[in-house]
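Visitor: Hi! Could you walk me through this protein model, please?

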Amino acid sequence: MLPVRLQSRPRSKVALNLRVVRRATLSTWLPVPEIRHDKVETFRKTAFLPSLPAKVPIGTSQVIPAALKWFGESRNKFNSSYLGQFASHMIPLELTRHHLPVDAKVNTISFQRAEAPFNIFLGWAAQANGDTPERLYVAQAPLNRLPKPLQDDLPTPELVATAGRGDVYDASVWLGVAPTYTPLHRDPNPNLYLQLAGRKVVRLLEPGFGQTVFAAVQAELGRQHSSKFRGEEMMKGEERRLLEAKIWLDKPAENQEKFAGLETTLEADEYLFIPTGWWHSVKSIGTGCTASVGEPRLSAAFLTLITLYL
């Protein structure tokens with residue numbers, strides 16, 4: 001039994017989208033195909049095997065416990081009475097500061113990572129809004145390092161417990177207050193990314209286009225950093241500014257590289273499948289809290305299923 005309700009548009013449309021992406025010469029963002037069918041075979045043929053992104057709504061009847069416990073009724077605020085039980089637990093935090101000196105015209109950004117008690121984030125989130133210059137973000141908090149009750153709120157899907165033989169892979173959690181932003185990057189493994197609260201816009205580039213954009217940014221910076229090993233340099237300074245401009249400016253400059261990609265707005269209770277090597281950048285939109293969980297363990301289960309089909 002899948003933890004998601006799978007359904008697909010006709011495969012010809014999916015294939016057509018990929019052809020358009022590969023042949024387009026202008027900066028264009030096409031919609032990520034949705035899969036709405038309850039058969040694994042549909043997902044396998046239209047998304048996993050051809051390495052195509054897909055959005056998968058799970059439906060309100062299959063909402064996981066974390067979605068009900070971690071947030072208020074409207075899911076726009078964190079439930080501090082519940083999460084506050086774990087206030088002293090250490091979590092990975094990212095601190096981004098936006099600076100606009102009086103004599104400067106350009107906003108500068110500083111960035112730090114540190115381990116801190118959960119109550120630091122919860123206290124900040126309770127009063128933060130879109131104009132708060134200091135931004136805290138719980139980024140890639142490993143699920144297996146969270147307190148046991150919070151792990152239980154994100155149960156291993158039945159698909160993994162059966163087809164995946166119960167293996168638990170390194171799922172991670174992201175918590176923040178809109179707006180949040182993750183620069184262009186790629187992951188080493190396929191991923192199912194579940195939105196728990198808030199809304200995020202995700203823009204994706206297939207591996208070839210993404211590498212071209214990354215190389216162009218590195219050339220502008222006069223360096224040749226590896227795209228496989230990304231560090232804090234992408235979160236601040238000129239690299240962050242250039243990456244954001246190339247992906248999120250809808251009217252590129254005349255001398256900017258032309259490319260095409262896929263885009264989707266991820267709502268609460270929707271999965272996004274991101275294949276290995278696909279570059280992606282993420283922005284939360286709207287107001288209030290935002291939360292997501294990355295499920296590479298689900299993708300491992302699909303790999304197991306594929307070996308059974310072949």
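Guide: Sure, let's talk about charged pairs, a helix, a strand residue and cavities.
Guide: This is a predicted model, where local features need pLDDT of at least 70 and side-chain atom pairs count only at pLDDT 80 or more, while totals for chains, interfaces and linings use all residues. Residues are numbered from 1 along each chain as its sequence is written, and side-chain values use heavy atoms, leaving out hydrogens and water.

Visitor: How many salt bridges does the structure hold?
Guide: There are 14 salt bridges. The term means a side-chain nitrogen of Lys or Arg within 4 Å of a carboxyl oxygen of Asp or Glu.

Visitor: Why can side chains pair like that?
Guide: Side chains of opposite charge can pair when their charged atoms come close.

Visitor: Which residue does Arg-97 meet in a salt bridge?
Guide: Arg-97 pairs with Glu-134, at 3.0 Å from N to O. Arg-97 sits in strand S3 (residues 90-99) and Glu-134 in strand S5 (residues 134-142), so this pair ties together parts that are 37 residues apart in sequence. Strands (E, at least two residues) and helices (H or I, at least four) are DSSP runs, numbered from the N terminus.

Visitor: Are those two buried or exposed?
Guide: In between: Arg-97 is partly exposed at 27% relative accessibility, and Glu-134 is partly exposed at 39%. Buried means under 20% relative accessible area, exposed means over 50%, and partly exposed is in between (1.4 Å probe, protein chains only).

Visitor: And what about Lys-246, which residue does its side chain meet?
Guide: Lys-246 forms a salt bridge with Glu-220, at 3.1 Å from N to O. Lys-246 belongs to helix H9 (residues 237-248) and Glu-220 to helix H8 (residues 207-221), so the pair ties together parts that are 26 residues apart in sequence. Lys-246 is buried, with a relative accessible area of 6%, whereas Glu-220 is partly exposed at 48%.

Visitor: Where do Glu-238 and Arg-241 lie?
Guide: Both are in helix H9, three residues apart, which is about one turn of the helix. Their closest N and O atoms are 2.5 Å apart, in a salt bridge.

Visitor: Which residues are linked in a network of salt bridges?
Guide: Glu-34, Lys-55 and Glu-270 are linked that way.

Visitor: New topic! Which residues of helix H5 are buried?
Guide: In H5 (residues 118-127), they are Phe-118, Phe-121, Leu-122, Trp-124 and Ala-125. They cover an arc of only 165° around the axis, so they are on the same side of H5. That arc is taken from the directions from the helix axis to the C-beta atoms.

Visitor: Back to strand S3: is Thr-96 buried or exposed?
Guide: Thr-96, which lies in S3, is buried, with a relative accessible area of 9%. Leaving out residues up to four places away in sequence, Thr-96 touches several others, including Phe-111, Glu-134 and Arg-240. Contact here means heavy atoms within 4.5 Å.

Visitor: What is the volume of the largest cavity?
Guide: About 70 Å³. A cavity is a set of points on a 1 Å grid over the protein atoms alone where a 1.4 Å probe fits but cannot get out, and lining residues have an atom within 4 Å of a point. A volume is the space filled by probe spheres set on the points.

Visitor: Which residues line the largest cavity?
Guide: Among them are Trp-70, Phe-118 and Val-138. S5 and strand S6 (172-177) each supply at least two residues of that lining.

Terms used. On a 1 Å grid over the protein atoms alone, a cavity is a set of points where a 1.4 Å probe fits but cannot get out, and a pocket is an open set with protein on both sides within 12 Å along at least five of seven lines; lining residues have an atom within 4 Å of a point.
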